[in-house]
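Please study the sequence and the model shown below, then work through the exercises that follow. Each task is followed by a solution in steps.

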Amino acid sequence: VSGAVSGSIGQTEGVVYAQVDLRNWVASGRVLAISDGTSDARVVIQVGANRTLQAVVTAASGEVANIATASGQVNGIYKCAVAYASGDFAFYVNGNQIGTDPSGAVPSCNNVALGKIETSASTNFLNDRILAGALYNTRLLDAELALITQL
């Protein structure tokens, strides 16, 4: 999805939320991302090669935040939310704060990628089930992030 969705994406703050079933996890892949269509500006929830859930934020200045669960723990159903605002990034999984990052700029995004990497030529698809996805155009409070990610 691209173009018309840019008005639905929080350009200065927001939340990317996804619920994903990784009980049959096979390989790494993107769950849900907003971006400018490249890897230069993006907010991503992804499954890492070392069996982690990760929130990655990249802006023109480079990687702004990279927050991940402990290695080897991905196996189940997860509700994830990455919150972003200038100098205020947080990642929640199943009601728990995984980590925060207090620095960096918010990327400018106009594209939504569900289950795939930002570039259209990529074959890096998430080979599993994405149960839900949502975008919020405001940064929710930490208590709200914990609430929406509770199982």
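**Exercise 1: Salt bridges of one arginine**

The side chains of R139 and D142 meet in a salt bridge, with 3.0 Å from N to O; the term denotes a side-chain nitrogen of Lys or Arg within 4 Å of a carboxyl oxygen of Asp or Glu. This is a predicted model, in which local features need pLDDT of at least 70 and side-chain atom pairs count only at pLDDT 80 or more, while totals for chains, interfaces and linings use all residues. Residues are numbered from 1 along each chain as its sequence is written, and side-chain values use heavy atoms, leaving out hydrogens and water.

Task: State which further residue forms a salt bridge with R139, and what the pair ties together.

Solution.
- Step 1. D88 forms a salt bridge with R139, the closest N and O atoms being 3.0 Å apart.
- Step 2. R139 lies in the loop between β10 (129-136) and α1 (142-148), and D88 in strand β7 (residues 88-93), so the pair ties together parts that are 51 residues apart in sequence. Helices (H or I, at least four residues) and strands (E, at least two) are DSSP runs, numbered from the N terminus.
- Step 3. R139 is buried, its relative accessible area being 15%, whereas D142 is partly exposed at 34% relative accessibility and D88 is partly exposed at 32%. Buried means under 20% relative accessible area, exposed over 50%, and partly exposed in between (1.4 Å probe, protein chains only).

**Exercise 2: A second pair**

Task: Determine whether D21 is buried or exposed, and find which residue forms a salt bridge with D21.

Solution.
- Step 1. The relative accessibility of D21 is 2%, so D21 counts as buried.
- Step 2. R23 is a salt-bridge partner of D21, with the closest N and O atoms 2.6 Å apart.
- Step 3. R23 itself counts as partly exposed, at 46% relative accessibility.
- Step 4. In total, the structure holds 4 salt bridges.

**Exercise 3: A buried aspartate and a buried arginine**

Task: Establish how far the nearest side chain of opposite charge is from D101, and which side chain makes a polar contact with that of R30.

Solution.
- Step 1. D101 lies in strand β8 (residues 96-101).
- Step 2. D101 is buried yet has no salt bridge, and R139, the nearest side chain of opposite charge, is 11 Å away. Here Lys and Arg count as positive and Asp and Glu as negative; His and the chain ends are not counted.
- Step 3. The side chain of D101 does reach the backbone nitrogen of S103, at 3.1 Å.
- Step 4. R30 is placed in strand β2 (residues 29-35) and is buried, with a relative accessible area of 8%.
- Step 5. The side chain of R30 makes a polar contact with the side chain of Q46 at 2.6 Å. A polar contact is a pair of N or O atoms within 3.5 Å; within protein, one must be able to donate a hydrogen and the other to accept it, and residues adjacent in sequence count only if both atoms are side-chain atoms.

**Exercise 4: The largest nonpolar core**

Task: Identify which residues touch the most other members of the largest nonpolar core.

Solution.
- Step 1. A nonpolar core is a set of buried Ala, Val, Leu, Ile, Met, Phe, Trp, Tyr and Cys residues joined through side-chain atoms within 4.5 Å.
- Step 2. Of the 31 residues in the largest such core, L53 and F91 touch the most other members.
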